Amino acid sequence: MSLETLLVAALDPLVTQKAWFNVAPPGAALPRLVVQQVGGIEDQYIDGTLASKERPRIQVAAWATTYNAAKNLSQAAAVALCAAAGLQASPQGAAVADYEDDTKLHGFRQDFLIAADR
């Protein structure tokens with residue numbers, strides 16, 4: 001299974017299939033999760049081949065109409081990723097609160113280093 005498939009399998013149940021990659025479409029229902037690769041580690045062997053596991057840094061942003069709803073969704077996403085089959089997720093620091101003045105949405109962003117088969 002691809003990394004994207006594993007992420008969707010872990011996160012979609014939390015938001016009734018409202019997890020999006022990179023950006024949510026205009027008018028996307030709330031609450032929602034937005035997943036983005038923001039770096040990671042690329043392991044390469046001395047012979048130049050890549051390791052059988054990829055280790056991207058994945059940022060998960062939880063968005064909702066209230067602070068508490070966004071925080072609770074962010075925490076649920078962290079639990080789901082860390083328990084997901086096929087992924088080895090490790091939080092890279094605590095979640096960071098966010099607020100969008102133009103949309104009046106509350107958010108929390110958290111990064112995870114994830115190991116998964118290529």
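**Close-up views of the predicted model**

**View 1. The largest pocket and its lining.** The largest pocket has 15 residues in its lining, and those nearest its centre are Val 23, Ala 24, Val 34, Trp 63 and Glu 100. A quick word before going on: this is a predicted model. The volume of the largest pocket comes out at about 230 Å³. What is the make-up of the lining by class? It has eight nonpolar residues, along with three polar and four charged ones. As for where the lining comes from, strand 2, strand 3, strand 5 (96-100) and strand 6 each put in at least two residues. Strand 2 has the largest share, with four residues.

**View 2. Strand 2 and its two partners.** Here we look at strand 2, residues 32-41, which pairs with strand 1 (residues 19-21) in the parallel sense over three bridges. Zoom in on that pairing and you'll find Phe 21 opposite Val 35 of strand 2. Strand 2 also pairs with strand 3 (residues 53-64), this time in the antiparallel sense, and eight bridges hold that pairing on the books. One pair to pick out is Ile 41 with its bridge partner Arg 55 in strand 3. Keep an eye on Arg 55, since this residue turns up again in View 6 in a salt bridge with Asp 43.

**View 3. Strand 3 against strand 6.** Strand 6 covers residues 105-117 and pairs with strand 3 in the antiparallel sense, over ten bridges. Which residue of strand 6 is the bridge partner of Ala 64? That would be His 106. If you're scrolling through side chains here, remember that in a regular strand they alternate between the two faces of the sheet. Strand 6 is also home to Phe 108, the subject of the next view.

**View 4. Phe 108 and its surroundings.** Is Phe 108 of strand 6 buried or exposed? Phe 108 counts as buried, because its relative accessibility is 7%, with the cut-off for buried set at under 20%. Leaving out residues up to four places away in sequence, Phe 108 touches a run of neighbours that includes Val 60, Ala 61 and Ala 62. The list of contacts for Phe 108 also takes in Tyr 67, Ala 70, Lys 71 and Ser 74, as well as Ala 95, Val 96 and Ala 97. Take Ala 62: in sequence this residue and Phe 108 are 46 residues apart, but from C-alpha to C-alpha the gap is 5.3 Å.

**View 5. Ser 74, seen from the helix.** Ser 74 sits in helix 2, which covers residues 67-83. With a relative accessible area of 7%, Ser 74 is buried. What does Ser 74 contact, once its neighbours within four places in sequence are set aside? The answer is Ala 62, Ala 95, Phe 108 and Gln 110. Phe 108, with Ser 74 among its own contacts, lies in strand 6, so this view joins helix 2 to that strand through a contact within 4.5 Å.

**View 6. Two salt bridges around the loop between strands 2 and 3.** The model has six salt bridges in total. One of them joins Arg 118 and Glu 42, with 2.3 Å between the closest N and O atoms. These two come from distant parts of the chain, 76 residues apart: Arg 118 is in the segment after strand 6, while Glu 42 is in the loop between strand 2 and strand 3. Arg 118 is partly exposed at 46% relative accessible area, whereas Glu 42, at 52%, is exposed. Another salt bridge pairs Arg 55 with Asp 43, and there the closest N and O atoms are 2.8 Å apart. Arg 55 belongs to strand 3 and Asp 43 to the loop between strand 2 and strand 3, so the pair ties together parts that are twelve residues apart in sequence. Arg 55 is partly exposed, with 27% relative accessible area, and Asp 43 counts as partly exposed too, at 25%.

**View 7. A salt bridge between strands 5 and 6.** Last up, the side chains of Arg 109 and Asp 98 form a salt bridge, at 3.5 Å from N to O. Arg 109 is in strand 6 and Asp 98 in strand 5, so this pair ties together parts that are eleven residues apart in sequence. How accessible are the two ends? Arg 109 is partly exposed, with a relative accessible area of 28%, and Asp 98 is partly exposed at 26%.

Technical notes. Residues are numbered from 1 along each chain as its sequence is written. This is a predicted model: local features need pLDDT of at least 70, side-chain atom pairs count only at pLDDT 80 or more; totals for chains, interfaces and linings use all residues. Side-chain values use heavy atoms; hydrogens and water are left out. Two strands pair if DSSP finds at least two bridges between them. Buried means under 20% relative accessible area, exposed over 50%, partly exposed in between (1.4 Å probe, protein chains only). On a 1 Å grid over the protein atoms alone, a cavity is a set of points where a 1.4 Å probe fits but cannot get out, and a pocket is an open set with protein on both sides within 12 Å along at least five of seven lines; lining residues have an atom within 4 Å of a point. Grid points are joined across faces, edges and corners, and a volume is the space filled by probe spheres set on the points. Ala, Val, Leu, Ile, Met, Phe, Trp, Tyr, Cys and Pro count as nonpolar, Asp, Glu, Lys and Arg as charged, and the others, Gly among them, as polar. A salt bridge is a side-chain nitrogen of Lys or Arg within 4 Å of a carboxyl oxygen of Asp or Glu.
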